[in-house]
Structures are given as C-alpha cells and as structure tokens.
Amino acid sequence: MSLAISPAYCVATYRCYDEKADFHKKATGIAVGLTVGSWTELPEARKAEMEKHLGRVVGVDVHEPSAGEPASARYADIRIAYPDMNFSRDIPALLVTVFGKLSMDGRIKLIDLAFSESFLSAFPGPRFGIEGVRNLLGVHDRPLLMSIFKSVIGHDLPALREQFYQQALGGVDLIKDDEILFENPLTPIEKRVELCMQAAAEAERETGQKLLYAANLTGPTFGLVEQAKKAINAGANALLFNVLAYGFDALSELSRHPDINVPLMAHPSLAGALYPSPYHGIAANVLLGKLMRLAGADLVLFPSPYGSVVMPKEENMAIKEALLTTEAADYIYGAPASSHGQVPLAASFPVPSAGIHPGLVPLILRDFGGQVVVNAGGGVHGHPMGAAAGGRAFRQAIDGRQAGVPLREYAADGHPELQEAIDAWGIKE
Ligand SMILES: CSCCC(=O)C(=O)COP(=O)(O)O
C-alpha cells in the first residue's frame, strides 16, 4: 500500500491563543511566512515556480470562549503542511522549519507533528525498542524494573560498585547512572563500567537475573561517539543520554551508529523548560514521545502523574501513545486511520519516573499496562531495610499486581520488604 502524497508534506499542529485574531489569516501567514516568505507580491511566473515550496493550511479549528470563560481563553488549533522539499531529512531542519522563529511569535505551542512517509523513512528509529530490550534481558512476561544510582558525586569507585551491587541484588532489570554524573577523575566511565559490570555478574550468580547498566554518556558533542565506544568496550550494555541538552540529532546519530549497538535511554532533563506551558513550547507527546522515538530512543524517561515531579495524566498518556502506537495514521500525514498501516519504527519503552515507590505500582500498571519500566531512585535506596530490599519490594509489588492481589494483602502474605515499603510510603490506588 502506498501512502505517498505528491508532493510530500510534514504537518505541524499549533495551538494559538489570541483574544481577537483572525486565525485563518494567521494560519496563512504561517504557511507562507515559514516557506516562500511572501506570495501575493510575486509575479505570476515566479508563483508557478514557487508553488511546490508553499506551505498549506490544512485546518483551522477555532474555540471561542464559552460563557464564564475569559476572552483570553480564545484559541485555534492550526494545522500547516510543509513541503518536504524545503528541508533536509533531519530533525533540526524540521524543527527550525515548523517552529523556529514561530516559537517566539506570541502565545503559540507546537502540539503535534505528523511526518511524510519519505521523511520518516530517513529514520531507523529505536535499534532495540521494547522487544529488543526484553530479548537482551530474557524477560517477556512482566513490566521491567529499573533503579537509579543516588548520591554519586564525590563517591569513589568502590563506593559506587557497592551501591550498584546492592541495587542489583534486589532483582532490578536495569540500573541507570544519575544524569548528573559526568566524566570525572574519581569515577571515569570506563572504570565505573568495568566495576559495575563485574558487580552485575556477581549479583547474577545470586539472583539468576540479567541486568542492563545504562552508563551516562557525557562530554562535548563531537566526542560522544568515542566516549560511547569507550564505555561499550569496557562492557557497557546500555547508555543513558541527556537528549535535550545535546539536541535530537545527537541521539539520532548515536542510534544509527554501527558501533553503538546497545540500547539508548533518553533522560528528560531540560524538558520542563519546553513542555509545561499551555501557551508556549512543544507539547510533551511531541517532545518526549514522537521526537524521542523518531531519534531512536529505546527507553524514554518522563515525570509520571503520581510521584514527586508531576505531569498531568492526559499528557502522560499522550506520551505513552506516541511511544507505543503502531497505527500509521498517528505518525504519517495522509495515512487513512483505517489503513491498518504500521508505524515503521520500533516502540520505545515508556519509563514514568520521579518519586516512584512500591505503593504507586498499582497506578502505574493500571495506566501503562505491561509495556512499562517501573523506575525509582529514592524509592529503592530509601527503603528502611536497604537498597536490595527496596528492589525486592518493587518486584513484589509488580508480582502482586500481576497476580491480581491487592498490595496490602500480597505484602501481608510473606512479603516483608513490600510491607515495610507500604508502611514507609503508603499506597495510592
Ligand atoms: C523527572 S524524570 C527523571 C527521573 C530521574 O532521573 C530520577 O533520578 C528520579 O529519582 P527518584 O529518586 O525521584 O526516583
């Protein structure tokens, strides 16, 4: 089945607030201003040449304030189609085209992106995706569990190794570096990876469980590939990456590099500068959903609706959908909703995070289902019986919910680590 539309377009949807603007005029201004620059003043012959470069208004839905709402609540959702031929097939070119200058022009937020089939075909997407990560771990029948190093700055290698070992003993599937652990003389990446992977092997002999360690990939942009190779040669079997600090293109390059053959985990640092305002920035489903998946993140962290850094549930579910959907119409402009076409990108693991403790597991599994990574730092290390018990408490919470047993009941039935966690942090159901 061909979904190709000639010429090909990528489509941006904006929510634009204005008390009195003519939104149709505004839409035309965007479509022309961000493509050919001016239109009506062009001579007819020039117009014919420029036609293929001209942006198109494909939708303007105006929402007038209802009774009781202030005039400032007036907005329109504006959809503009941008011809592919105006930009190269990379994320920086797309973003500068659809939301470069426009991002600074009043109360306007980029709320969705759909790609042309040909633009999308330039991106291999996640190399591993959910299936690949599960294959590496040999775990296919339950949500995964990850713990985060905590309190790492100023610690030496033996301290870090011990912290890693305790986390691993608790039965977690993944351990990630803290995103603020940069290259440093006390715990340089090669040494830290070597020691932590030894600790992982030692713990595996106890638990029988495989483990991925996402070491934080840091340093100057042009040195990232070398740094990643160093970590992988030392035994790293995953990498954490602060995508927004470097830009989506850096992730995209890493994900398609032949020597960087380990899962890439995207950290959301800086995202709070971009998605939370209703009036400005880039919506979370685009920023932490579609663009992360397009750029090749195998796992994507983001704040949950339940923990210490809270994101509204609706936005959370929209990220989940963007990372998991297989429906072509969600990604490809012009794909009919009923086409049963597939998104040509592997699904990325959603990792709702921040302030997560075992008593939140029922909510996480209710909202995310089985394809999720439960992730905690403080909720593992702060367990009253220690970090290994913290991991076990989470595994028990997951097992209990998978068995359909209420958490309190499961804890009381011979799961003291879970019981301690509930006593410390409670349950939200
Ligand atoms: C805001 S999502 C990133 C979560 C994260 O990296 C983290 O360290 C959370 O730690 P916590 O102790 O809150 O589980």
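**View 1. The shell around the ligand mixes nonpolar, polar and charged residues.** The shell divides into 6 nonpolar, 5 polar and 3 charged residues. Here Ala, Val, Leu, Ile, Met, Phe, Trp, Tyr, Cys and Pro count as nonpolar; Asp, Glu, Lys and Arg count as charged; the others, Gly among them, count as polar. This is a predicted model: local features need pLDDT of at least 70, side-chain atom pairs count only at pLDDT 80 or more, and totals for chains, interfaces and linings use all residues. Residues are numbered from 1 along each chain as its sequence is written, and side-chain values use heavy atoms, without hydrogens or water. Around the ligand stand 14 residues. A residue is near the ligand if one of its heavy atoms lies within 4 Å of it. Lys 150, His 267, Gly 355, Gly 377 and Gly 378 come nearest.

**View 2. Polar contacts reach oxygen atoms of the ligand.** A polar contact is a pair of N or O atoms within 3.5 Å; within protein, one must be able to donate a hydrogen and the other to accept it, and residues adjacent in sequence count only if both atoms are side-chain atoms. The side chain of His 267 places an N or O atom 2.7 Å from a ligand oxygen. Glu 179 has a polar side-chain atom 3.5 Å from an oxygen of the ligand. Gly 378 uses its backbone: a polar atom there is 2.7 Å from a ligand oxygen. On its own, the ligand has 410 Å² of accessible area, and the protein covers 85% of this. Accessible areas come from the Shrake-Rupley method with a 1.4 Å probe; for residues, only the protein chains shown count as cover.

**View 3. Strand β9 pairs with β8 and with β10.** Helices (H or I, at least four residues) and strands (E, at least two) are DSSP runs, numbered from the N terminus. Two strands pair if DSSP finds at least two bridges between them. Strand β8 (residues 238-242) runs parallel to β9, joined by 4 bridges. Phe 241 stands opposite Ala 266. Strand β10 (residues 299-303) also pairs with β9 in the parallel sense, over 2 bridges. There, Val 300 is the bridge partner of Ala 266. From β9 the chain crosses through helix α11 (residues 284-295) to β10, in a right-handed β-α-β crossover. Right-handed means that, with the strands pointing away from the viewer, the path from the first strand over the helix to the second runs clockwise.

**View 4. Side chains of β9 (residues 264-267) point two ways.** Leu 264 and Ala 266 point one way, Met 265 and His 267 the other. All are buried, that is, under 20% relative accessible area; exposed means over 50%, and partly exposed lies in between (1.4 Å probe, protein chains only).

**View 5. Ser 304 and Asn 316 are buried polar residues.** Ser 304 sits in the loop between β10 and α12. Its relative accessibility is 0%, so Ser 304 counts as buried. A polar atom of its side chain lies 3.0 Å from the backbone nitrogen of Tyr 306 and 3.2 Å from that of Gly 307. Asn 316 belongs to helix α12 (residues 313-324). Asn 316 has a relative accessible area of 0%. Its side chain has a polar atom 2.7 Å from the backbone oxygen of Pro 303.

**View 6. Two loop residues have a positive phi.** Most residues other than glycine have a negative phi. Ser 151, not a glycine, has a phi of about 55 degrees. Leu 270, in the loop between β9 and α11, has a phi of about 80 degrees.
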